[in-house]
Amino acid sequence: MDLTERVRNLVEEELQDSEFFVVDVVGGDNSRKISVLLDGDAGITVEMCSKVSRSISKIIDEEAFEADSFILEVSSPGADQPLVNKRQYGKHIGRLLDVTSHSKGLVTGKLKEITTDGIILIPAVNMSGIKPGKSGKSNKTKDKTPIDISFEDIEMATVIISFK
């Protein structure tokens with residue numbers, strides 16, 4: 001088990017039975033920096049990230065984890081980061097998402113619902129500034145029929161930040 005996996009396991013144990021979860025753990029090896037990205041069903045605070053960081057650092061110090069030191073960084077994913085964990089979708093119900101799927105290309109719409117297998121979007125109508133998909137065309141539509149997209153079909157999903 002490499003260092004990144006060991007840190008992930010420690011963090012998952014720390015967060016077990018809580019509303020918080022690991023989104024990703026990256027780094028290690030050559031960089032000597034491990035970044036842990038956490039989130040929660042209703043978001044996560046800086047204080048919680050700090051608490052997890054202190055707790056994991058203490059365990060690492062006590063277990064003499066590695067001969068070489070490394071930097072542990074614990075934070076939440078930025079607003080511009082793609083959604084990578086199924087649990088991240090719940091707090092974004094009602095928000096606009098750009099979802100690139102393997103079968104449908106780019107779909108922009110309001111997240112209506114999360115199912116056990118995927119998400120349901122209400123397509124955006126006449127939005128300006130929609131990014132074109134792989135075909136070079138956006139999928140703007142006047143049809144507001146809900147679109148089911150399975151988690152397996154999602155290539156990438158990001159929240160569209162609105163300052164309106």
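Reader: Buried means under 20% relative accessible area, exposed means over 50%, and partly exposed is in between. The model here is predicted. Which class does Lys-33 fall into?

Author: Lys-33 has a relative accessible area of 35%. Buried needs under 20%, and exposed needs over 50%. Lys-33 therefore counts as partly exposed.

Reader: Which residue forms a salt bridge with Lys-33?

Author: Lys-33 lies in strand β2. Its partner lies in strand β3, 40 residues apart from it along the chain. That partner is partly exposed, with a relative accessible area of 33%. The closest N and O atoms of the pair are 3.3 Å apart, and the partner is Glu-73.

Reader: Which residue of β2 is the bridge partner of Glu-73 in β3?

Author: β2 covers residues 33-40. β2 pairs with β3 (residues 71-75) in the parallel sense, over 5 bridges. Within that pairing, Glu-73 is matched with Ser-35.

Reader: How many residues of strand β2 are buried?

Author: Strand β2 has 8 residues. The strand is largely enclosed by the rest of the structure, because most of these residues are buried. The buried count is 7.

Reader: How many bridges join β1 to β2?

Author: β1 spans residues 20-27 and runs antiparallel to β2. One of the matched pairs is Phe-21 with Asp-39 in β2. The bridge count between β1 and β2 is 7.

Reader: With which residue does the side chain of Asp-39 meet in a salt bridge?

Author: Asp-39 counts as buried, at 4% relative accessibility. The N to O distance in the salt bridge is 2.4 Å. The partner sits in the loop between β3 and β4, so the pair ties together parts that are 52 residues apart in sequence. The partner is partly exposed, at 28%, and is Lys-91.

Reader: Which residue in helix α1 forms a salt bridge with Asp-24?

Author: Asp-24 is in strand β1, and the helix α1 partner is 16 residues apart from it. Asp-24 counts as partly exposed, at 28% relative accessibility. The partner is partly exposed too, with a relative accessible area of 25%. The closest N and O atoms are 3.5 Å apart, and the partner is Arg-8.

Reader: Which residue do salt bridges join with Arg-8 and Asp-24 into one network?

Author: The model has a count of 5 salt bridges. Some share partners, and these join Arg-8 and Asp-24 into one network with Glu-12.

Reader: What is the separation between the C-alpha atoms of Val-74 and Ser-53?

Author: Val-74 lies in strand β3. Val-74 is buried, at 15% relative accessible area. Its contacts include Val-36, Leu-38 and Ser-53. Val-74 and Ser-53 are 21 residues apart along the chain, yet their C-alpha atoms are separated by 5.8 Å.

Reader: Which strands stand at the edges of the open sheet of 5 strands?

Author: The order is β7-β6-β5-β4-β8, with antiparallel pairing. An edge strand has a single partner strand, so one side is left without a neighbour in the sheet. The edge strands are β7 (147-150) and β8 (154-159).

Reader: Which residue of β6 is the bridge partner of Lys-110?

Author: β5 (residues 105-114) and β6 (residues 118-123) pair over 5 bridges in the antiparallel sense. The residue in β6 matched with Lys-110 is Ile-122.

Reader: With which side chain does the side chain of Ser-101 make a polar contact?

Author: Ser-101 lies in strand β4 (residues 96-101). Ser-101 is buried, with a relative accessible area of 2%. Among the residues it touches are Ile-149 and Ile-154. The polar contact is 3.4 Å, and it is made with Asp-153.

Definitions and conventions:
Residues are numbered from 1 along each chain as its sequence is written. This is a predicted model: local features need pLDDT of at least 70, side-chain atom pairs count only at pLDDT 80 or more; totals for chains, interfaces and linings use all residues. Side-chain values use heavy atoms; hydrogens and water are left out. Buried means under 20% relative accessible area, exposed over 50%, partly exposed in between (1.4 Å probe, protein chains only). Helices (H or I, at least four residues) and strands (E, at least two) are DSSP runs, numbered from the N terminus. Two strands pair if DSSP finds at least two bridges between them. A polar contact is a pair of N or O atoms within 3.5 Å; within protein, one must be able to donate a hydrogen and the other to accept it, and residues adjacent in sequence count only if both atoms are side-chain atoms. Contact means heavy atoms within 4.5 Å. A salt bridge is a side-chain nitrogen of Lys or Arg within 4 Å of a carboxyl oxygen of Asp or Glu. Lists of a residue's contacts leave out its neighbours within four places in sequence.
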